[in-house]
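Me: I'm new to this one and keep tripping over the labels people use. Can we go through them, with the reasons behind each?

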Amino acid sequence: MLSIIEQIKQGKLWDFHGGIHPAENKELSSKQPIKAAGIPHELVLPLKQHIGSRGDIIVNIGDHVLKGQPLTQGDIAMCVPIHAPSSGTITAIEQRTTAHPSGLTDLAIVISTDNQDNWCRGKQYPDYQDRDPAELIEAIRLAGIAGLGGAGFPTARKLQGGLGNVDILIINAAECEPYITADDRLMQDYADEVIEGIRILRHIIAPKLTIIGIEDNKPDAIKALEACVSDDDNIIIRVIPTKYPSGSSKQLVKILTGREVPSQARSTSIGVIMQNVGTAFAIKRAIVNGEPLIERVVTLTGEAFKQRGNVFALLGTPIAYLLEKFGYQADKKYPRVIIGGSLMGFTLPHANVPITKITNCILTPKRKELPLHTYEMACIRCSACADACPASLLPQQLQWYAKDKNYDKCEEYNLSDCIECGACAYVCPSEIPLVQYYRQAKAEIWERKQDEMSAERARQRFEAKQQRMERDKAERENRFAKAATDRRQQMATTGGDDAVAAAIARVKAKQAAATDTAPAAVKPAVAAAIAKAKARQAASVSEANAVPDNSEMAALRKQRKLQAREQKAAKHAELMQQQTDADQPAEQVTDKKDAVAAAVARAKARKAAQQAQSTPDAQSTAEVNTDVESDPKKAAVAAAVARAKA
């Protein structure tokens, strides 16, 4: 039995389930060569234009940037940087509407161009055949290249996953969706650069076989590719029948190799890796010319465009700029601007939306050209959607569960395998917008999974913290136990164990002796101290409650007052006596003195009797009387006082 590669070389093709044949409408834009769209006055660059995480901003408002200068950076494989498509000044870093079916905003860098288009080229690898594949993959990542076929998967990450795992490289040149001719025109005008990009991919991956899958409705592109491919390239150009959606990754793999990609898996799991024609062209420009991904081919088509064709549009170019420059004449009743083709595209909320890495077509149909589906009718269970589904799903059941928000059932029926090709909605006689239901359900399921992942990460962090704390505690305990064991062993070897035991015994003996003797020796002293304290407390209480006795102080004050009066009277009497003595003879004076002495004696006797009765301090009175007897002057004063009192 022939191997798969041998069957492919012999020209065998396979087929996939379902598919449709809608009107192609490619002749509207495939006749003219690719033109340059020009430099708009403002470029709006969303930070995330691919599948994965966005990079960190490395520029500031007011900075002047050159063409090709990186604006973001990231160290992970799923992070693709963006670059300045033209030279100019950064005027804002703010939220802007992005090219997404939701019409929501995202953080974007706004550049005001200077029309100078000054370059800042990166590193070039014209000798890529002598370079290591890992070095070339890193150069592709730094060039910001993501899948240009519409998925936007980081090319470097896909190539890393395919190293050593794949034997077939497929270049997707089918471009099956109606109206879109970007890849077709790129192969016609730049076939040599496309083939050179394929050679670079072959050098990196080293596959056994390389196949270019292209539909038979592109004869000019087929001739251009055949003219550039040599026998040494080991590249097979395989022309396949025109059938929508043969350009989808899983369906094209099935057509060219007969292998079926498992559910929720990538083609690398079956030994096949796929890259788009536009991606191969961007890889050639990045490796050989040192140009990052700053522009791409965009198809401008639809009857509302006066000038239809394909243009090289700078990333970040506002769609309004392209509409104005190429003669857009909106339909009077139903003006529509669609990003993408007629089956997988979505209508924009307004024209101020920028071109991104995955924007391949701007479709502006008129009402008669592409009728509006304005009324959704009930499903008649005709099974036309299931017959047309290229992924062999059950669109009817998926729509029921999505509408009922039964997302568990949606996952059970493999909603994730839906490629959103729109074939089911195209054949539905009830005009049910099936793809819109699927997109909404996918978004809800993705949101739920993100929440679950966040909760799981939080749980893992908590458990890791608990394990770390327990581990640290066990290590501390083991460390302390080991230190104690080491000390015991050291004391045992140095004889310190006996000394420690003796010291412990002495301490215990002292404690026992103190316990035995303390009650006898301490209790009497304690009792005496307690008694003294109680006595002092009782005395203080009695003193606080007793009435103070001031009688002694009152008696002393009364005596001092009396003495003062007596001294005053004595002085007065002495003066009178001196005058009298001066007038009378000496004998009379002597008699008077005797009389005075007798009177003083009588006064003393009376006074002593009074003081003995009225005052407890007899000693003080005796001292006063003694002073009076020893001093004649005092005696005279006392006599005078007695007379005055009488």
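Me: What makes aspartate 189 and arginine 185 about one helical turn apart?

Reply: They're four residues apart in helix α4 (residues 182-189), and that's why the separation comes to about one helical turn. Helices here are DSSP runs of H or I with at least four residues, strands are E runs of at least two, and both are numbered from the N terminus. One thing to know up front: this is a predicted model, where local features need pLDDT of at least 70 and side-chain atom pairs count only at pLDDT 80 or more, while totals for chains, interfaces and linings use all residues. Residues are numbered from 1 along each chain as its sequence is written, and side-chain values use heavy atoms, leaving out hydrogens and water.

Me: Why is the contact between aspartate 189 and arginine 185 called a salt bridge?

Reply: The term asks for a side-chain nitrogen of Lys or Arg within 4 Å of a carboxyl oxygen of Asp or Glu. Here the N to O distance is 3.0 Å, so the pair fits the definition.

Me: How do you know which of the two, aspartate 189 or arginine 185, is buried or partly exposed?

Reply: Buried means under 20% relative accessible area, exposed means over 50%, and partly exposed is in between (1.4 Å probe, protein chains only). Arginine 185 has 9%, so it's buried. Aspartate 189 has 27%, so it's partly exposed.

Me: What makes glutamate 411 and lysine 449 a tie between parts of the chain?

Reply: They form a salt bridge, with the closest N and O atoms 3.4 Å apart. Glutamate 411 sits in helix α12 and lysine 449 in helix α14, so the pair ties together parts that are 38 residues apart in sequence. Glutamate 411 is partly exposed at 31%, and lysine 449 is partly exposed at 40%. Elsewhere, Arg121, Glu193, Lys284, Arg285 and Glu291 are joined into one network by salt bridges that share partners. The structure holds 26 salt bridges.

Me: Why is lysine 558 called exposed?

Reply: Its relative accessibility is 64%, so lysine 558 counts as exposed. Lysine 558 lies in helix α16.

Me: What makes the group with lysine 558 a positive patch?

Reply: The members are Arg557, Lys558, Arg560, Lys561, Arg565, Arg602, Arg606 and Lys645. Lys and Arg count as positive, Asp and Glu as negative, and His and the chain ends aren't counted. Patch residues need over 30% relative accessible area and no salt bridge, with like charges joined within 9 Å and nonpolar side chains (Val, Leu, Ile, Met, Phe, Trp, Tyr) within 5 Å. Helix α16 gives the most, with five residues.

Me: Which residues form the negative patch?

Reply: Glu444, Glu447, Asp451 and Glu452. Glutamate 444, in helix α14 (residues 434-494), is partly exposed with a relative accessible area of 35%.

Me: Why are β2 and β4 called edge strands?

Reply: The four strands form an open sheet in the order β2-β7-β6-β4, with antiparallel pairing. Both β2 (42-46) and β4 (64-65) have a single partner strand, so one side of each is left without a neighbour in the sheet.

Me: How do you know that β6 and β7 pair?

Reply: Two strands pair if DSSP finds at least two bridges between them. Strand β6 (residues 88-97) and strand β7 (residues 105-113) have nine, so they count as paired. One of the bridges joins glycine 88 to threonine 113 in β7.

Conventions. Accessible areas come from the Shrake-Rupley method with a 1.4 Å probe; for residues, only the protein chains shown count as cover. The place of a charge is taken as NZ of Lys, CZ of Arg, CG of Asp or CD of Glu.
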